[in-house]
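Subject: Structure for you to look at

Hi,

Here is the structure I promised to pass on. Have a look at it first, and then read my notes below.

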Amino acid sequence: MKAHGLAVAVALAAGATVPAFAAAPDVARGEQIYVRCMACHALATDRVGPRHCGLFGRRAGSIPGYPYSDAMKNSRIVWNEKTLDRFLANPPATVSGTTMTYAGIEDPRERADLIAYLRQAGEGPACGH
Ligand code: HEC
């Protein structure tokens, strides 16, 4: 038991020295993280939240007919890796007044995996491509 605990400690210490973005984003892991978003979102249909198909390059708050908050509509954000990373880390702080009541994803690696999934899925078969 003691040896096992030590091995874990060594592995954690070694892991901590690896820069957060040393590895390429893991799309499969991103798909698993997306399950959290599916409480409110779907790729191809508007639900509680707007659809995510075609998200990259889209202006925030621009799906016709979806009832966005004024905060989102007026945010002047264009969705890409950088803006999504900032928004998903802390939605209410990034777009003050957003109706997306989700605390965010703290782990930068989880965000990177999720964003890679969003990019791929948003331009994939589920979105009619
Ligand atoms: C509790 C419900 C809920 C959850 C969970 C949720 N969202 Fe949202 N999301 C919303 C709502 C509502 C909006 C519209 C916000 C507004 O208009 O201010 C939104 C808006 C967005 C937008 C802006 C889209 C656009 O068309 O401009 C993005 C991007 C987004 N969500 C991504 C995510 C991701 C990724 C997750 C999972 C990590 C997630 N959301 C989890 C409810 C949710």
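I call a pair of N or O atoms a polar contact when they lie within 3.5 Å of each other. By that cut-off, serine 69 makes one with the ligand, since an N or O atom in its side chain is 2.5 Å from a ligand oxygen. Bear in mind throughout that this is a predicted model.

**Around the ligand**

Threonine 99 also reaches a ligand oxygen, here with a backbone N or O atom at 3.0 Å. On the histidine 41 side, a side-chain N or O atom is 2.7 Å from a nitrogen of the ligand. In total, 28 residues surround the ligand, and the ones that come nearest are Cys37, Cys40, His41, Ser69 and Met100.

Two of those nearest residues are cysteines, so I looked at how accessible they are. Cysteine 37 has 15% relative accessibility and therefore counts as buried. Cysteine 40, at 33%, counts as partly exposed.

**The iron**

Which protein atoms hold the iron atom of the ligand? The donors from the protein are NE2 of His41 and SD of Met100, at 2.0 to 2.2 Å from the iron. These two come from distant parts of the chain, 59 residues apart. Histidine 41 sits in the loop between helix 2 (27-34) and helix 3 (70-73), while methionine 100 is in the loop between helix 5 (91-94) and helix 6 (108-122).

What arrangement do the six donor atoms make around the iron? It is octahedral, because the angles they subtend run from 87 to 179 degrees. For reference, the ideal angles for six octahedral donors are 90 or 180 degrees.

Are the two protein ligands buried or exposed? Histidine 41 counts as buried, with a relative accessibility of 10%. Methionine 100 comes out at 21%, so it counts as partly exposed; the cut-off for buried is under 20%.

**The disulfide**

Searching the whole structure turns up one disulfide. Its partners are cysteine 53 and cysteine 127, with 1.9 Å between the sulfur atoms. The S-S torsion is about -85 degrees, so this disulfide is left-handed. Cysteine 53 belongs to the loop between helix 2 and helix 3 and cysteine 127 to the segment after helix 6, so the bond ties together parts that are 74 residues apart in sequence. Both ends count as buried: cysteine 53 has 15% relative accessibility, and cysteine 127 has 17%.

**Two more residues to click on**

Arginine 76 has a positive phi, about 60 degrees, although it is not a glycine. You will find arginine 76 in the loop between helix 3 and helix 4 (81-89). With a relative accessible area of 72%, arginine 76 is exposed.

Aspartate 85 is in helix 4 and is partly exposed, at 26% relative accessible area. What does aspartate 85 touch, leaving aside its neighbours within four places in sequence? Its contacts are Arg111 and Ile115. The C-alpha of aspartate 85 is also 9.2 Å from that of isoleucine 105, which is 20 residues away along the chain.

Cheers

Terms used: Residues are numbered from 1 along each chain as its sequence is written. This is a predicted model: local features need pLDDT of at least 70, side-chain atom pairs count only at pLDDT 80 or more; totals for chains, interfaces and linings use all residues. Side-chain values use heavy atoms; hydrogens and water are left out. Donors are N, O and S atoms within 2.8 Å of the metal (3.2 Å for Na, K and Ca); water is not among the atoms, so sites may look incomplete. Four donors count as tetrahedral if all angles lie between 85 and 135 degrees; four count as square planar and six as octahedral if opposite donors are over 155 degrees apart and all others between 65 and 115; anything else is irregular. Helices (H or I, at least four residues) and strands (E, at least two) are DSSP runs, numbered from the N terminus. Buried means under 20% relative accessible area, exposed over 50%, partly exposed in between (1.4 Å probe, protein chains only). A disulfide is a pair of cysteine sulfur atoms within 2.5 Å. A residue is near a molecule or strand if one of its heavy atoms lies within 4 Å of it. A polar contact is a pair of N or O atoms within 3.5 Å; within protein, one must be able to donate a hydrogen and the other to accept it, and residues adjacent in sequence count only if both atoms are side-chain atoms. Contact means heavy atoms within 4.5 Å.
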